[in-house]
Amino acid sequence: MSEVVERYDALERQMGIVEYLSDHAGFSAVLKARYSDFLVHEVDRDGNVARLESLELPSVDPIPKEEAPSNDASSSTVVAKRPVPDGEASDEKPDTKKPKLQDCDEKEKEHELLLEQARVELSDLVGAEAALEAIQMLQHWQTNKDSAAPAPAPAETQPKHVTLPKVEDKQKRRAIHMLIRSPKLAPFAAADTVDSRVRIWHKSFESEMPDYDKFERGARNNNSNNKQGGRGGGRPQRPPKVIWPADRPDYLKFVLYKENIDTGTAVKDILRFSKMNPRNKGGVGYAGMKDKRGVTAQFCTVFRQEPSDLLVLNQHNQKQYSGSGGGGSTSTGGVPVLRVGNFSYSKEELKLGKLSGNRFDICLRNIHVDGMDTNTDNGNQVSVIKSCLEQAALDMKEKGFINYFGMQRFGKYHDTHKVGIALLKGDFEEAVSIIMSPKQGEMDRVVDARGRWERRFADVSSQDDEKAMEAAEQKCAKGVLRDLGRFMTAETSIVTSLSRKPRDYKRAFRSISKNLRLMFLHAYQSYLWNFCSSQRVKQCSDSVMVGDLVLTEDKAEHEGGSGTSGLGGKAVMTLTEDDVASGKYSMTDVVLPMAGVKIQYPTNSVGDLFDKLLAENGLTKKNFDNLQDRELSLGGDYRKIICKPTDVDVDIMQYKDPLEPLIQTEMMKLNNVNLNVRRDMNNTEDGVLTGMAIGFTLPPSAYATVALRELMKKPTSSEYQKELKLS
């Protein structure tokens, strides 16, 4: 096992993840053996933890459904804007206020998620290439619309509409139109049909469509269930208006509890089952995305809805969502569970980033302490294990952990930072080459496609024959495109672009979505930060040094700051000898910069290390100011070297069944499902396993897996975990 640890330790060291703060022996344990071994509870800005404690209706008066009273300023009620059925035009006037700068990134993330979901569905109807072309067109114009400082590309390379392949089947054409009117595309797209070919337009150019307003009128007609005048048409019946109580806040706030399902899918199901329109004041608001693999609870908001509108979700399709009751209380995996509860009303809508952190409760199974004598009797072994775990938890609570960016920051194949280096150099051909290079563990079809791409110029007799090179690349791109996986968005974007304009690698790279391109740059920032943090901790882990940086201002988002992602509201100072001698600052105050054009660097040896690492990669600090992709910029940021978890607690236990539940989830509590473990640690029989449930709260930017690395002093990558056994 030591060889296995060394192998994956070496992988982490390649990303700068090197040092530890604690002195205990270390131990191995199985992480995420079951999805219910990893519980995440969101913590809002007031410190409230999202927990599902009730599925009952709150005691509020129902809202009367009747026609609105006259528009009298003295009225004590407010007429709520009715939810608009999918595809129907809204009576509400558009909000023409310019968005705040800090909201732009949030909007882009939400829009990219919707467009990616739409691309997958559209691919099934018209093929991957045509779907990608249409979505890229929508992404381009929507990015310009969302951005506070748009930089439009030349008109000839960015069409206002895309014509899809000819579709003779009327039902399939109808399915395309229904997708365009769905929540995924309705905010961005309109469509018309010419000679059985559907054309998708961005909403910004809807008025230029030959049959302007026909698409929306068709949507209204299709959504009408009751027309006056029979075949002759007439206005559809509108649902009755509702009167919203003037003393009730506008937003219904609730806890979304989910198991084995991601936030995006959960939100889509809430809209579908409750029949809400996602364009009704933003649909479902939430502060952060939560992963599929785990049990999570988070706060959400919806505009002017009653709890009964959402509780239908808890009863709908019980077999699909609950299995034998859910809550992680069975040994079978893969069953999604979705519940809503704990309803209240709030004046504010939740948006991305509006949280103070996350509470983690994590189960570690089949624990083995390093260096323990296996010949020791079971009673002494139990005592040694218990002592080691208690010391490890105490060290993490008192010392914290090095706030590394985890391995997931560098992608599945640990090469995203290399793409960032190529991008900073302006070497788009190299960036494309890294993305398209062969990867381990992929399907045979994809492996073959990547291999063909690498050999695309094999039959070209001369590398100086540019026309032959273009022809070979174009031919290969068209063939490879069919064999790429449906979720390989970067590769698909690149190959689609090169199938049209071969050898134009800058254009091909820029066809990738903006957020994904930024991810490559952020990976390289994280790579530099990790190495410099390791060097700083190695020099002195328990006190400040001359030349260190500390924050003098760090405003929260509601105070005008940018939170954990940006320089807004942040200011730093460089420590002098007098500052160090004053004893005012500690290692928990020290920050290191995320490299960029608007930050300061330490003036000690760690600052020199930034220059050294950049030089090793063929870069200087000037490269951050000369990005050849005009849509991207790197101002930089600051990140604390040491992160101290709060509210740390630990529960050490013994159990026999390798897969039995060791943490009680909210659904288990609501279903009265108890745990079957021993906490007295007195069982010395053979075959008894030791487990540990540890809980702690982290700020939004910290990685729970990095905290666990410090706790166990072991790698936490999924590759390493696959080497461990449950019993």
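**Sheets, cores and buried positions in a predicted model**

A search of the whole structure turns up zero disulfides. The model is a predicted one. Two of its cysteines can be looked at one by one: cysteine 363 is buried, with a relative accessible area of 0%, and cysteine 532 is buried as well, with a value of 0%.

Taken as a whole, the protein contains 21 helices and 20 strands. Of its 727 residues, 52% count as buried. The protein exposes about 34500 Å², and carbon and sulfur atoms supply 46% of that area. As for how the chain meets itself, residues 24 or more positions apart account for 78% of the contacts with a separation of 6 or more.

Next come the sheets. One open sheet is built from four strands, in the order E15-E14-E16-E17, and the pairing is antiparallel. Strand E15 (570-574) and strand E17 (637-640) stand at the edges; each has a single partner strand, so one side of each is left without a neighbour in the sheet. From one strand to the next, the twist averages 50 degrees. Strand E14, covering residues 549-554, is joined to E15 by five bridges, and the two run antiparallel. As one example of a bridge pair, valine 550 has methionine 573 in E15 as its partner. Helix H16 (residues 514-539) packs on this sheet, where it touches strand E16 (590-594) and E17. The direction of H16 makes about 150 degrees with that of E16.

A residue of H16 gives a closer look at this packing. Glutamine 525 is found in helix H16 and, at 4% relative accessibility, counts as buried. Leaving aside neighbours within four places in sequence, glutamine 525 is in contact with Met594, Ala595, Leu634 and Gly636. Met594 falls within E16, whose residues are 590-594.

Another open sheet has three strands in the order E4-E6-E5, again with antiparallel pairing. Here the edge strands are E4 (161-163) and E5 (189-194), each of which pairs on one side only. The twist in this sheet averages 20 degrees from one strand to the next. Three bridges join E4 to strand E6 (residues 197-202), and these two strands run antiparallel. Within that pairing, threonine 163 has arginine 199 in E6 as its bridge partner. This sheet also has a helix packed on it: H4 (residues 170-180) touches E5 and E6, and its direction makes about 160 degrees with that of E5.

Now for the interior. In soluble globular proteins, nonpolar side chains tend to be buried together. The largest nonpolar core in this model has 119 residues, and those with the most contacts inside it are Phe27, Ile362, Leu364, Phe509, Ile694 and Phe696. Helix H16 gives the most to this core, with eleven residues. Phenylalanine 509, leaving aside its neighbours within four places in sequence, is in contact with Val419, Leu423, Phe428, Ala431, Val432, Ile435, Arg517, Phe520 and Asp629. Apart from the largest core lies another one of 27 residues, among them Val126, Met137, Trp141 and Phe205.

Strand E12 (residues 357-369) holds glycine 357, which is buried, with a relative accessible area of 0%. This glycine shows how parts of the chain that are far apart in sequence can meet: glycine 357 and proline 699 are 342 residues apart in sequence, yet their C-alpha atoms are 4.1 Å apart in space. Proline 699 is also among the contacts of glycine 357, which, outside neighbours within four places in sequence, are Glu42, Val43, Leu698, Pro699 and Pro700.

Further along the chain comes helix H20 (residues 704-712), which is mostly covered: nine of its nine residues are buried. These are Ala704, Thr705, Val706, Ala707, Leu708, Arg709, Glu710, Leu711 and Met712. After H20 comes lysine 713, with a positive phi near 55 degrees.

Notes
Residues numbered from 1 in each chain as written. Predicted model: local features only at pLDDT ≥ 70, side-chain atom pairs only at ≥ 80, totals over all residues. Heavy atoms only, no water. Buried < 20%, exposed > 50% of the residue type's maximum accessible area, 1.4 Å probe, protein only. Disulfide = S-S within 2.5 Å. Pairing = 2+ DSSP bridges. Axes fitted to C-alpha atoms, helices over the stretch in contact; angles between N-to-C directions. Contact = heavy atoms within 4.5 Å. Core = buried A, V, L, I, M, F, W, Y, C linked by side-chain atoms within 4.5 Å. Areas by Shrake-Rupley, 256 points an atom, 1.4 Å probe, with all protein chains shown as cover.
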